[in-house]
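Could you walk me through this structure in plain steps? I am new to it and would like short questions with reasoned answers.

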Amino acid sequence: LDGRASHGAVGVRPSAAVSTERHDNIALEGASVQLPLRRSAVGSNHDRPPSVQPRWDNLQSLAIVLFAALMWIIGFWGADPRDMTDIGLLTLFTLPVIAALAVLTGSFFIALRRRAPEWVLAMHVVVFIGLIHGTPPALFHTLRYGWAWKHVGIVEYILRTGMVDTTISSRPIYHSWPGFFGGSALLTELLGRSTLLSLAVWTPVAFNLFNLLAARFLLRTLTDDRRVVWLALWLFFVTSWLGLDYYSPQGLAFPLYMVLMGLVLRAHRRPRDFSHNVDRPVTKVMSARAVLPIMVLVMTVIASSHQITPLMMVLGLTTMFILRQARGWHVPVLAVVLTVGWALVVARGYTLDHLNGLTIGQPVQNSVDTFEKSADVRGGQVLVSFGGRLNTAVALSAALVGVYKAWRRRRLDHGALLLLLSPMLLLAVTEYGGEVLFRVVLFASPFTAYFAALAIYCDGAEGARTRLAVTGAVLTAILLPTFLLGYYGKDAQNYFTPAEVKAASWLYENAQPNAVIVEGSRNYPQRFRNYEKLNLLSIANEPKDSRDRVLADPAGRLSNWIAAGPSHKPGYVLITRSQKVANDLIGPMPVGSLERIEQALRASPRFRVALNTGDAVVFTLAENRNQA
Amino acid sequence: MNRPSPQLVVVVATVVASGLVLPEVVTPARIPLLLVFAVAIPGLGWAWRLRLPDTGDALLLAITISVCLLVVVGEGMALLRVWSVKGAFLVLAAIAVLGVAPLHLFVRVAEQSMILLRVGRTHTDGAVVRRDPASWWPPVLLSWIGVLVLALVVREAPTALRAPLVIGYVLMVPGLACVRLVRLPNRLAELALAVGLSLALAVVVAQAMIYLHVWSPVLGIAMLVIIASLATCAELLTVHWPQRTPPDGGESG
């Protein structure tokens, strides 16, 4: 059936194509509907079906992609992540690495230009994902990003106790929405408990491959043209700089959101949409009845795994159905019932305690909160912050051009436009810990990529296809460096050495329950074991007055903090390499503060070193305070 | 080139995975084999039933369904505090096999069986219509299953045994016991409604326990068993109760 796919693009009227119309029967919600299909029927050589392309071209593409991968590996051979500076992994980029990206990009657009079969285009994107997202785990050998370690801690809790506790005082939010953690714990136990960290390390690769399948599924509901789909997919991955693909509930909920929207668009679009959009891929229409159980399952997992994705699910679906882009009132109702039901039944305690955290009706302030989060960055991090924003600005500009072009040609898909815009409603509801703008960009990203692809899409003669390839390559040349800045730029602080992991592991094993543990900042492998038993105090997260007092007299203040804990349980101070790097790059204390604190504790007779792994030092009081 | 049949893939994968999980075999092959099983096999048959023409879409839905099932079973066990990897595996394996099983045959057999069990043969005793003893079995069976599940929970039976039974019971029986009172003509609709009502009852019971600050998984199961037992008692009473035939002499049931 796919072989019948139209070569005309959704959103773009084929310029040189002679169109023929035919009728096909499609099953729409059980009813047989006759809809017109338009096929471009250009008899020239370039419109040959992909399957009859010379095999040699495809083998050439395969060889080029393998060559690019080889260059990438050679470029990173022997690289030491300790050498990263304030622009993260980009510091380790070498000429072969840059050349590999250039070759891969060039090869992709050449393949797109010559209408290569889908597997050739897919191969480029899969290799791109493998190289970009597989490099940090291959190079670091440890889990990247501090929050991922905290999530490991929740899974470790479930594996240790066999349950979640919605009334727990330490991080109750994860116990109230435990879907991702319950699933991860079950998968870990099926594979063997020792696999938890190695599973978590490779999660970005797995989530991005899942994203690839889900985004393809979604985009194929919007257009029948494989080149638009793969161009959009390429743009999707070179604009996904947010790094929300780490071991987290968001990482799982996002592809599920795309699958859900794809199912809704396939099973619940109104017939008039099909007749308006003559290029709609009728072969992909699915029966609403068959799809309903899958939608309920996906909605349940989204509603029980995350906090903001269910909100986005409700907003997106409600907007689609209220504005009559889809039919079947039960779909948004199901989404609301599952989301609100979970929040008020299983997560009732957390929800009621944090209702005042919703900042309804303050979209500007909520956006500003996101920008303020990166207001204190220093050195190369300013460039990193700028790179991410520029990437999004360029992608959105291209998408707006795409919307305009589609509108001019009377091929604008209102459903896709609505799903592009609906994430902005999040701004009116919550600031989400100062991260809501990132989530808006995330949920809009597949549709941004789709419209951006339409902006540069040309169909027809060879010259037009060459223009498409050149424009796409130029756009990638602008987007890729900013993507790399945004995605790799924070790796200096996101990288934790095995010595740091060893120190944190020792501390979490040896500290008695509720003993005070003072940490320089929260940027280290934190809370991944026995997390609920730890009483952690972060110097960097103290109010400024308190931080200043610590900096003025580190040994005195910190010994007081520890002494305030349980008398029979020795307290500890942990200073690690990554804490120092993070503080020096993104604050909040002056550069070198944690190094000065460490030196002061080393010199103080009140403290002794309990463990020194080279990259991390654990201090404890020289004597028990009772004995003193 | 012919694609391998999904039935074969699912059955082979399930058998291999069972051979690794149930006897707790530790081997380097366990990780890739069980990883593939967990993220693709339980949903493979169900995705295949949609008959999607595109392999990528079918693979995506197989992965989506499998991952979602993994999440639902994992979080369900954690919330119900019945953690058991073997129990979870049995649930996933059952769902995987059901995905490729000839369900239409099962439905037909189940329909016939339920008609026999539920309606039974009726005979007229004067103006009174009585049922044969066969119609006693379903409610009695449902009651005894409830007692069995409650006993397993209270006696803290091995979780590998407890988890699938408790999850299955919570998902199906309380709702089925209630829905049977309505005597829907469509058996498939009856089953679907039973699952929905069971989930709703579980939510209501959980919410009641939270509001009353008496959260206890054992109490929750006990409440559901009581609800199901009340419904089955009601069915037994109505079935056994002599019913007058309508004036036109038609049969009830």
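Here are some questions and answers on this predicted model.

Q: How many helices and strands does chain B have?
A: Let us start with the order of the elements. From the N terminus on, chain B runs α-α-α-α-α-β-β-α-α-α-α-β. Counted by type, that gives 9 helices and 3 strands.

Q: What percentage of the residues of chain B count as buried?
A: A residue counts as buried when its relative accessible area is under 20%. Chain B has 253 residues to sort in this way. The share of them that is buried comes to 42%.

Q: What surface does chain B expose, in Å²?
A: Carbon and sulfur atoms supply 74% of the exposed surface of chain B. The whole exposed surface is about 12900 Å².

Q: Among contacts in chain B between residues at least 6 apart in sequence, what percentage join residues at least 24 apart?
A: Contact here means heavy atoms within 4.5 Å. Taking the contacts in chain B between residues at least 6 apart, the part that joins residues at least 24 apart is 63%.

Q: What area is buried between chain B and chain A?
A: The contact takes 41 residues from chain B and 48 residues from chain A. B:Leu60, B:Glu75 and B:Trp83 supply 17% of the area that chain B buries here, more than any other three residues. Carbon and sulfur atoms give 78% of the total between the two chains, which is about 3700 Å².

Q: Which element gives the largest share of the side of chain B that touches chain A?
A: The rule finds 8 residue pairs in polar contact across this interface, both residues being at pLDDT 80 or more. On the side of chain B, the elements that give two or more residues are α2 (30-49), α3 (55-80), α4 (85-100) and α8 (187-211). The largest share, 20 residues, comes from α3(B).

Q: Which residue of chain B meets A:Arg216 in a salt bridge?
A: The rule finds 5 salt bridges across the interface of chain B and chain A. In one of these, the side chain of A:Arg216 comes to 3.5 Å, N to O, from its partner. That partner is B:Asp57.

Q: Why does the distance between the ends of helix α2 (residues 95-113) of chain A agree with the expected span?
A: This helix has 19 residues, and at 1.5 Å a residue it should span 27 Å. The two agree because the end C-alpha atoms are also set apart by 27 Å.

Q: Which elements do the buried residues of α2(A) pack against?
A: The buried residues of α2(A) include A:Val97, A:Leu101, A:Leu104, A:Phe108 and A:Leu112. Just after this helix, A:Arg115 takes a positive phi of about 55°. The packing partners of the buried residues, within chain A, are α1 (55-76), α3 (118-140), α9 (226-238) and α20 (462-488).

Q: How far apart in space are A:Ile586 and A:Gly379, C-alpha to C-alpha?
A: A:Ile586 lies in helix α25 (residues 577-586) of chain A, and at 37% relative accessibility this residue counts as partly exposed. Beyond its neighbours within four places in sequence, A:Ile586 is in contact with A:Asp376, A:Val377, A:Gln381 and A:Gln493. A:Ile586 and A:Gly379 are 207 residues apart in sequence, and their distance in space is 9.0 Å.

Q: In the salt bridge of A:Glu598 and A:Arg602, how far apart are the closest N and O atoms?
A: Both residues lie in helix α26 (residues 593-603) of chain A, 4 residues apart, about one turn of the helix. A:Glu598 is buried, with a relative accessible area of 5%, whereas A:Arg602 counts as partly exposed at 37%. The closest N and O atoms of the pair are separated by 3.1 Å.

Q: Which residue forms a salt bridge with B:Lys86?
A: The closest N and O atoms of this pair are 3.0 Å apart. The salt bridge links distant parts of the chain, 62 residues apart: B:Lys86 is in helix α4 of chain B, and its partner is in the loop between α1 (6-21) and α2 of chain B. B:Lys86 is partly exposed at 23%, while the partner counts as exposed at 53% relative accessibility. The partner is B:Glu24.

How values were computed:
Residues numbered from 1 in each chain as written. Chains lettered and ligands numbered in written order. Predicted model: local features only at pLDDT ≥ 70, side-chain atom pairs only at ≥ 80, totals over all residues. Heavy atoms only, no water. Buried < 20%, exposed > 50% of the residue type's maximum accessible area, 1.4 Å probe, protein only. Areas by Shrake-Rupley, 256 points an atom, 1.4 Å probe, with all protein chains shown as cover. Expected span 1.5 Å × (residues − 1). Buried area = accessible area lost by both parts, 1.4 Å probe. Salt bridge = Lys/Arg side-chain N within 4 Å of Asp/Glu carboxyl O. Polar contact = N/O pair within 3.5 Å; in protein donor to acceptor, adjacent residues only side chain to side chain.
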